[in-house]
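Biologist: I am new to this structure and should like to examine one part of it closely. Please show me the sequence and the model before I put my request.

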Amino acid sequence: MWFLCPPGVYRPQGDTCLLEDALQRELLVAADVLDLGTGSGALALAAAEGGAAQVTAVDASVSAVCTTWFNARINGLRVRVLRGDLTGPVAGHRFDLIMANPPYVPSPRADLPARGRARAWDAGSDGRALLDRVCADAPPLLNPGGVLLLVHSGLCGVERTLGRLRRAGLRTVVTERRYIPFGPVLRGRSAWLEARGLIAPGEEKEELVVIRAERQLDPAMKDRACR
Ligand SMILES: C[S@@+](CC[C@H](N)C(=O)[O-])C[C@H]1O[C@@H](n2cnc3c(N)ncnc32)[C@H](O)[C@@H]1O
């Protein structure tokens, strides 16, 4: 696949690959798919190539939106690319599969960057500013039987994500776990992370997880499907 990723757009990394592995195990044929925070569009393109009926990609960054549009175009893949704040541009739509690799890195600055490269990873002091919004806003957009695939670091609390998604009525399971060495952002923050008790002294790896959260079929639909 031809692929452009200009400076300023999040280059696909370990978290992207982990989510893509999880995506490959889903039934994509005929699915209506949403990629929240699409970056270069790597995951949206993978869904389109995997046979999804329709793929929508959303990002807040103009550069990311243009890159995704271009990457889809040069590969002859159909992806609807929208600029906006998380689920804002798709309010009222329903999807069979939603995937998100949101910013999740705990940051010494509590507010979120409005622009620049750090917008792709900085996520407030506990790393949950975007994650908590995904947990609240994505479940109502799932069709019955629909699936949310969400990747993030163990540093920002896997149990908190699982709890929120369960309270939103989804059945959750952690499908992937992988330890990866700290990248330059975490290395540069390790003293601060240690002082906050988020990592142990000398820790140099973080755990990434993929959470699969499924909206149950309505009991009446389940009954019909079984007959
Ligand atoms: C960690 S990157 C993931 C990019 C891509 N999905 C991947 O896995 O390689 C997070 C992306 O979320 C986007 N983003 C940050 N805040 C956002 C928001 N409020 N609404 C939509 N996208 C946002 C960033 O611009 C960035 O492209």
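Is aspartate 85 buried, partly exposed or exposed? Please begin there and describe its surroundings, and then the rest of the structure as it connects to them.

Modeller: The model is a predicted one. Aspartate 85 is partly exposed, with a relative accessibility of 46%. Its side chain meets that of arginine 133 in a salt bridge, at 2.9 Å from N to O. Aspartate 85 belongs to the loop between strand 3 and strand 4, whereas arginine 133 belongs to helix 4, so the pair ties together parts that are 48 residues apart in sequence. Arginine 133 is likewise partly exposed, at 31% relative accessible area.

The same loop, between strand 3 and strand 4, also holds leucine 86. Leucine 86 has a positive phi of about 40°, although it is not a glycine. Leucine 86 is buried, its relative accessible area being 12%.

On the other side of the salt bridge stands helix 4, residues 129–137, which lies across strand 4 (95–100) and strand 5 (142–153). Relative to strand 5, the helix runs at about 170°. Aspartate 132 forms a salt bridge with arginine 128, at 2.8 Å from N to O. Both of these residues are buried: aspartate 132 has a relative accessible area of 18%, and arginine 128 has a relative accessibility of 1%.

The two strands beneath this description, strand 4 and strand 5, pair in the parallel sense over five bridges. Within that pairing, leucine 97 has valine 147 of strand 5 as its bridge partner. Nine of the 12 residues of strand 5 are buried, so this strand is largely enclosed by the rest of the structure.

These strands belong to an open sheet of seven strands, in the order 3-2-1-4-5-7-6 and with mixed pairing. Strand 3 (80–83) and strand 6 (170–181) stand at the edges, each with a single partner strand, so one side of each has no neighbour in the sheet. From one strand to the next, the twist averages 15°. Strand 3 runs parallel to strand 2 (residues 54–59), and four bridges join the two. Among the residues concerned, valine 58 has leucine 82 of strand 3 as its bridge partner.

At the other edge, strand 6 contains tyrosine 179. Tyrosine 179 is exposed, with a relative accessible area of 56%. Leaving aside residues up to four places away in sequence, tyrosine 179 touches Lys205, Glu206 and Glu207. Between tyrosine 179 and lysine 205 there are 6.2 Å in space, C-alpha to C-alpha, although the two are 26 residues apart in sequence.

The salt bridges come to 12 by count. Another of them joins arginine 212 to glutamate 26, with the closest N and O atoms 2.7 Å apart. Arginine 212 lies in strand 7 (residues 205–215) and glutamate 26 in the loop between helix 1 and strand 1, so this pair ties together parts that are 186 residues apart in sequence. Arginine 212 is partly exposed, at 21% relative accessible area, while glutamate 26 counts as buried, at 15%. Both residues take part in a network of salt bridges that links Glu26, Arg171, Arg212 and Glu214. The loop between helix 1 and strand 1 also contains alanine 30. Alanine 30 has a positive phi of about 75° although it is not a glycine, and it counts as exposed at 59% relative accessibility.

Strand 4 has one further role in this account, as part of the cover over helix 2. Seven of the eight residues of helix 2 (residues 42–49) are buried, so this helix is largely enclosed by the rest of the structure. The cover over its buried residues includes helix 1 (14–24), strand 1 (32–36), strand 2, helix 3 and strand 4. After helix 2 comes glycine 51, whose phi is positive, near 105°.

Helix 3 (residues 62–74) in turn holds phenylalanine 70, which is partly exposed at a relative accessible area of 35%. Together with Trp2, Leu4, Trp69 and Ile74, Phe70 makes a nonpolar surface patch of about 540 Å².

Terms used: Residues are numbered from 1 along each chain as its sequence is written. This is a predicted model: local features need pLDDT of at least 70, side-chain atom pairs count only at pLDDT 80 or more; totals for chains, interfaces and linings use all residues. Side-chain values use heavy atoms; hydrogens and water are left out. Patches are made of residues with over 30% relative accessible area and no salt bridge: like charges are joined within 9 Å, nonpolar side chains (Val, Leu, Ile, Met, Phe, Trp, Tyr) within 5 Å. Accessible areas come from the Shrake-Rupley method with a 1.4 Å probe; for residues, only the protein chains shown count as cover. A salt bridge is a side-chain nitrogen of Lys or Arg within 4 Å of a carboxyl oxygen of Asp or Glu. Buried means under 20% relative accessible area, exposed over 50%, partly exposed in between (1.4 Å probe, protein chains only). Two strands pair if DSSP finds at least two bridges between them. Axes are lines fitted to C-alpha atoms, for helices over the stretch in contact, and angles run from 0 to 180 degrees between N-to-C directions. Contact means heavy atoms within 4.5 Å.
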